[in-house]
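Please open the structure in your viewer and keep the selection tool at hand. We will go from the whole chain to smaller selections, one stop at a time.

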Amino acid sequence: PKTDIVFLKVHKSASSTVMNILFRFGETHNLTFAFPLGGGNQLYYPHHFLARFVQGFSPQSPHQFNILCHHMRFLQPEVQKVVPHSAVYFSILRNPVQLMESSFVYYKGASAFSRVRSLEEFLSQPYRYYNPASGDRHYARNLMTFDFGFNPDGEVSPERVQLMLKAIEASFDVLLISEYFDESMVLLKEMLCWDLDSVVSFPLNSRDSSTKSPLPDNVVEKIKAWNRLDWEIYTHFNRTFWERIERDIGRERMRREVKALRERQAELARTCLQGTGSVAPKDIKDSSLRPLQHGGARILGYNLKQGLDQELERTCRRLVTPELQYSSILYKKQFAPKSP
């Protein structure tokens with residue numbers, strides 16, 4: 001199994017669920033994580049990543065970490081200082097239409113969104129609300145482009161777009177697609193030589209459907225135009241994702257693998273969870289399993305069954321522990337004061 005990994009955690013793209021998979025694998029195999037200084041949950045985002053943002057990194061004696069997966073704005077030369085040369089680089093993308101709708105609800109406090117009642121209102125005259133000079137502009141335009149390290153207000157000429165896609169291809173071994181999450185996990189498992197249980201997951205940091213509403217076609221087109229760079233990234237890598245599956249796995253085997261993954265997830269849900277799945281934040285009984293609530297979204301969580309044996313309880317708890325709590329557990333473990 002490959003143990004040196006860089007995951008670019010793109011915002012609002014099922015990346016918290018992927019992070020849980022990496023946390024569990026890293027914990028099981030006793031790997032080291034490149035944590036933000038002081039144990040925060042972002043590597044000085046939205047600044048471009050620098051090696052010195054990592055706890056325990058020093059240029060004099062560069063210590064290499066196994067897994068880098070906290071939110072960052074990608075800058076490969078700096079990333080290469082903290083992970084081994086052989087690390088596998090991957091990320092996950094989401095359709096920019098759904099991504100923007102999700103950002104609007106989640107980052108409602110961002111300067112571009114705070115004065116508008118709806119996404120439609122924002123898109124009717126975006127430059128009335130959007131200021132390219134504001135420090136949080138990226139939440140409102142080309143968020144994936146920004147996370148990959150590029151300018152979200154960059155020009156959209158064919159040459160410019162090609163350069164950006166080539167740069168991403170040169171840095172990353174694979175880009176997964178959140179709309180095809182199970183297929184993505186099978187592809188990841190193959191690439192990392194992991195077993196099925198390592199990529200099993202329950203959706204984390206997902207929001208209650210009460211705040212979701214379908215978007216009219218004219219709004220969809222406006223979102224694509226406004227996030228044109230993101231749209232170019234997404235359509236290109238959505239295509240290469242399926243080409244990769246055809247080449248490395250084949251559709252028929254992929255179908256079988258996805259079926260096995262879903263069966264295993266259903267089995268774990270029956271074993272671990274009270275009820276059939278996620279519940280509203282107010283209904284989560286164990287406060288240590290309550291996810292952070294943000295913006296106008298209602299982030300769902302889980303209740304574990306009572307009376308599980310110790311080993312099983314641990315497995316189940318890890319599957320549903322929200323990102324911030326899990327990160328904090330692993331940070332304390334990695335930087336525990338050494339006993340004399």
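The tour begins with the whole chain, then turns to a pair of helices and to one histidine.

This is a predicted model, in which local features need pLDDT of at least 70 and side-chain atom pairs count only at pLDDT 80 or more, while totals for chains, interfaces and linings use all residues. Residues are numbered from 1 along each chain as its sequence is written, and side-chain values use heavy atoms, with hydrogens and water left out.

Select the whole chain and colour it by secondary structure: there are 13 helices and four strands, these being DSSP runs (helices H or I, at least four residues; strands E, at least two) numbered from the N terminus. Along its principal axes the C-alpha trace spans about 55 × 50 × 45 Å. Of the 340 residues, 54% are buried, where buried means under 20% relative accessible area, exposed over 50%, and partly exposed in between (1.4 Å probe, protein chains only).

Next, select residues 15-28, helix α1, together with residues 310-320, helix α12, whose axes come within 9 Å and cross at roughly 145°; the axes are lines fitted to C-alpha atoms over the stretch in contact, with angles from 0 to 180 degrees between N-to-C directions. Show the side chains of Asn20, Arg24 and Glu27 in α1, which meet Arg314, Arg318 and Leu319 in α12, contact meaning heavy atoms within 4.5 Å.

Finally, select histidine 138, in the loop between α5 (126-129) and α6 (143-147). Is histidine 138 buried or exposed? Histidine 138 is buried, with a relative accessible area of 1%. Leaving aside residues up to four places away in sequence, histidine 138 touches Tyr45, Pro46, Leu143 and Phe146.
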